[in-house]
Amino acid sequence: MSDTRHDPVLGSGATPVKGALGHLVAVFDNRIAQSVVAIATATGWEATLLDAAPVGDGLGALGTVDALVVCNHDGDGAYPLLADALRAGVPYVAMMASRHRSAALLEQLRGEGLDDEQLGRLHVPAGLSIGGSSPGEIALSVVAEVVADGHGRPGTPMRAS
């Protein structure tokens, strides 16, 4: 393996990647979901954008899903989709929601029998706290959380590490 610390093509510290880093699915087509897919794709993920929650075979029809981001908490089928993804073992499951709605969602899912391990994979509200409010900034915070979570990191500034 070659030293990429000062690679002019890859950039300092970048590692060559073969294949997609994972499969991210964003559900409920809106500006945030479109931005999530664009940023995830730019970072090396395979990304799928769905207009609506899948029915029938549900999430299983998409094959392996490593990250699910529900971009409309009021969308038809949002709650059952989250529960199905958590039960199926999707590593990162998130939904755009207020803190108040997030607490109610956790209570509802716990009442439906989901355990602490399953609920520990649920990220509501989705994203890292970076202070942005535009669709692109919100999407950036979500994809940053997906990456940090996948590497077992808290998403703190590099200078704090």
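**Figure 1. Salt bridges in the predicted model.** This is a predicted model, and a search of the whole structure finds three salt bridges. Side chains of opposite charge can pair when their charged atoms come close. The three are shown in the next views: R101 with D74, D116 with R110, and R121 with E117.

**Figure 2. The salt bridge between R101 and D74.** The closest N and O atoms of R101 and D74 are 3.5 Å apart. R101 belongs to helix 3 (residues 99–111), while D74 sits in the loop between strand 3 and helix 2 (78–88), so the salt bridge ties together parts that are 27 residues apart in sequence. R101 has 30% relative accessibility and counts as partly exposed. D74, with a relative accessible area of 53%, is exposed because the cut-off for that class is over 50%.

**Figure 3. The salt bridge between D116 and R110.** Here the closest N and O atoms are 2.6 Å apart. D116 counts as exposed, at 57% relative accessibility. Its partner R110 is at 45% and therefore counts as partly exposed.

**Figure 4. The salt bridge between R121 and E117.** The side chains of these two residues meet at 3.0 Å, N to O. Is R121 buried or exposed? With a relative accessible area of 12%, R121 is buried, because the limit for that class is under 20%. R121 is also one of the residues in contact with V93.

**Figure 5. The open sheet.** The chain has five helices and five strands. Along the sequence these elements follow the pattern β-α-β-β-α-β-α-α-β-α. Five strands form an open sheet in the order 2-1-3-4-5, with parallel pairing. Strand 2 (46–50) and strand 5 (122–123) are the edge strands, and each pairs on one side only. Strand 1 (residues 23–27) runs parallel to strand 2 and is joined to it by five bridges. In one of these places, V27 has L50 of strand 2 as its bridge partner.

**Figure 6. Helix 5 against the sheet.** Helix 5 (residues 135–150) packs on the sheet. The strands it touches are strand 1, strand 3 (67–70), strand 4 (92–95) and strand 5. The direction of helix 5 makes about 155° with that of strand 4.

**Figure 7. The largest nonpolar core.** In soluble globular proteins, nonpolar side chains tend to be buried together. The largest nonpolar core has 25 residues, of which V27, L68, V70, V93, L109 and L122 touch the most other members. Strand 1, strand 3, helix 2, strand 4 and helix 3 each give two or more residues to this core. Which element gives the most? Helix 2 does, with six residues.

**Figure 8. Surroundings of V93, and a second core.** Apart from its neighbours within four places in sequence, V93 is in contact with L68, L82, A85, L86, R121, L122 and H123. Another core lies apart from the largest one and has 19 residues, including A26, W45, A67 and A126.

**Figure 9. The whole chain.** Of the 161 residues, 37% count as buried. The chain exposes about 9,200 Å², and carbon and sulfur atoms supply 52% of this area. Among contacts between residues at least 6 apart in sequence, 59% join residues at least 24 apart.

Terms used
Residues numbered from 1 in each chain as written. Predicted model: local features only at pLDDT ≥ 70, side-chain atom pairs only at ≥ 80, totals over all residues. Heavy atoms only, no water. Pairing = 2+ DSSP bridges. Helix = DSSP H or I, 4+ residues; strand = E, 2+ residues; numbered from the N terminus. Contact = heavy atoms within 4.5 Å. Axes fitted to C-alpha atoms, helices over the stretch in contact; angles between N-to-C directions. Salt bridge = Lys/Arg side-chain N within 4 Å of Asp/Glu carboxyl O. Buried < 20%, exposed > 50% of the residue type's maximum accessible area, 1.4 Å probe, protein only. Areas by Shrake-Rupley, 256 points an atom, 1.4 Å probe, with all protein chains shown as cover. Core = buried A, V, L, I, M, F, W, Y, C linked by side-chain atoms within 4.5 Å.
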